[in-house]
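Here are a few notes to read alongside the structure. I have grouped them by residue and by theme, so you can follow each point on the model.

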Amino acid sequence: MNHRRLSHKFVLSDPLEHPFYWWPRTLLQYPLVFDQPADLSRMVLVRTETGEQVPVPLSDVVRDRVGATRATLSFLSDLPSGGHRVSPLSALQDGEISRGEVV
């Protein structure tokens, strides 16, 4: 399998900055389609504001003989008024160690 680095960035932003509008903690789901089969056990999602690695719950996984080709990513997030959240999803390279649980 080609081990080109897989990466995708999820960005949540509130450009209104109105004090009466915010996004409460919500389950977000995103469909993923991989350019090449992916090893899901190597994936990590990082909260850039804290550096925390969070679990990567994937569902609806479609696989071929060498790895996953599609999946749905689910994670929880909030967004305060005027907030900005960036969470990159990437695959660990050989030798890198996850600091969190990868599901």
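A word on terms before the points: a residue is called buried when its relative accessible area is under 20%, exposed when that area is over 50%, and partly exposed in between. Please also keep in mind that this is a predicted model.

1. **The pair Glu 52 and Arg 47.** Glu 52 has a relative accessible area of 38%, so it falls in the partly exposed class. Its salt-bridge partner is Arg 47, and the closest N and O atoms of the two lie 2.9 Å apart. Arg 47 is also partly exposed, because its relative accessible area is 27%. As a general reminder, side chains of opposite charge can pair when their charged atoms come close.

2. **How many salt bridges are there in the model?** The count comes to 3. For this count, a side-chain nitrogen of Lys or Arg has to be within 4 Å of a carboxyl oxygen of Asp or Glu. That cut-off is worth remembering for the next point, where Glu 49 and Arg 85 have their closest N and O atoms 3.9 Å apart and form a salt bridge.

3. **A network around Arg 85.** Glu 49, Asp 78 and Arg 85 are linked in a network of salt bridges. Glu 49 sits in the loop between β3 (43-47) and β4 (52-54), while Arg 85 belongs to strand β7 (residues 84-91); the two are 36 residues apart, and their pair links distant parts of the chain. On the other side of the network, Asp 78 and Arg 85 have their closest N and O atoms 2.7 Å apart. The side chains of Arg 85 and Asp 78 also make a polar contact at 2.7 Å.

4. **Which members of this network are buried, and which are partly exposed?** Arg 85 counts as buried because its relative accessibility is 18%. Glu 49 is partly exposed, since its relative accessibility is 44%, and Asp 78 is partly exposed as well, at 32%.

5. **The wider surroundings of Arg 85.** Leaving aside neighbours within four places in sequence, Arg 85 is in contact with Phe 10, Val 11, Leu 12, Glu 49, Ser 77, Asp 78, Leu 79 and Pro 80. Both of its salt-bridge partners, Glu 49 and Asp 78, appear in that list. Arg 85 and Asp 14 are 71 residues apart in sequence, yet their C-alpha atoms are 9.3 Å apart in space.

6. **Asp 14, a buried acid without a salt bridge.** Asp 14 lies in the loop between β1 (7-13) and β2 (23-38). This residue is buried but has no salt bridge, and the nearest side chain of opposite charge, that of Arg 85, is 11 Å away. What does the side chain of Asp 14 reach? It reaches the backbone nitrogen of Gly 82, at 2.7 Å. Beyond its neighbours within four places in sequence, Asp 14 is in contact with Tyr 21, Leu 79, Pro 80, Ser 81, Gly 82 and Gly 83.

7. **Two positive phi values to look at.** Glu 17 has a phi near 55°, which is positive in a residue other than glycine. Glu 17 is in the loop between β1 and β2, and it counts as exposed because its relative accessible area is 56%. Asp 60 has a phi near 50°, again a positive value in a residue other than glycine. Asp 60 is in strand β5, and its relative accessibility of 58% is why it counts as exposed.

8. **Val 61 in strand β5.** Val 61 is found in strand β5 (residues 58-63). With a relative accessibility of 32%, Val 61 counts as partly exposed. Outside its neighbours within four places in sequence, Val 61 is in contact with Leu 40, Ala 68, Arg 70 and Ala 71. Val 61 and Leu 32 are 29 residues apart in sequence, with a C-alpha to C-alpha distance of 9.4 Å.

9. **The second largest pocket.** The volume of this pocket is about 260 Å³. It is lined by 16 residues, and the closest to its centre are Arg 47, Val 54, Phe 75, Leu 76 and Ser 77. At least two lining residues come from each of β2, β3, β6 (68-79) and β7, and β6 provides the largest share, with 5 residues.

Definitions and conventions
Residues numbered from 1 in each chain as written. Predicted model: local features only at pLDDT ≥ 70, side-chain atom pairs only at ≥ 80, totals over all residues. Heavy atoms only, no water. Helix = DSSP H or I, 4+ residues; strand = E, 2+ residues; numbered from the N terminus. Buried < 20%, exposed > 50% of the residue type's maximum accessible area, 1.4 Å probe, protein only. Lys, Arg positive; Asp, Glu negative; His and termini not counted. Polar contact = N/O pair within 3.5 Å; in protein donor to acceptor, adjacent residues only side chain to side chain. Contact = heavy atoms within 4.5 Å. 1 Å grid on protein atoms, 1.4 Å probe; cavity = no way out; pocket = protein on both sides within 12 Å on 5 of 7 lines; lining within 4 Å. Points joined across faces, edges and corners; volume = space filled by probe spheres on them.
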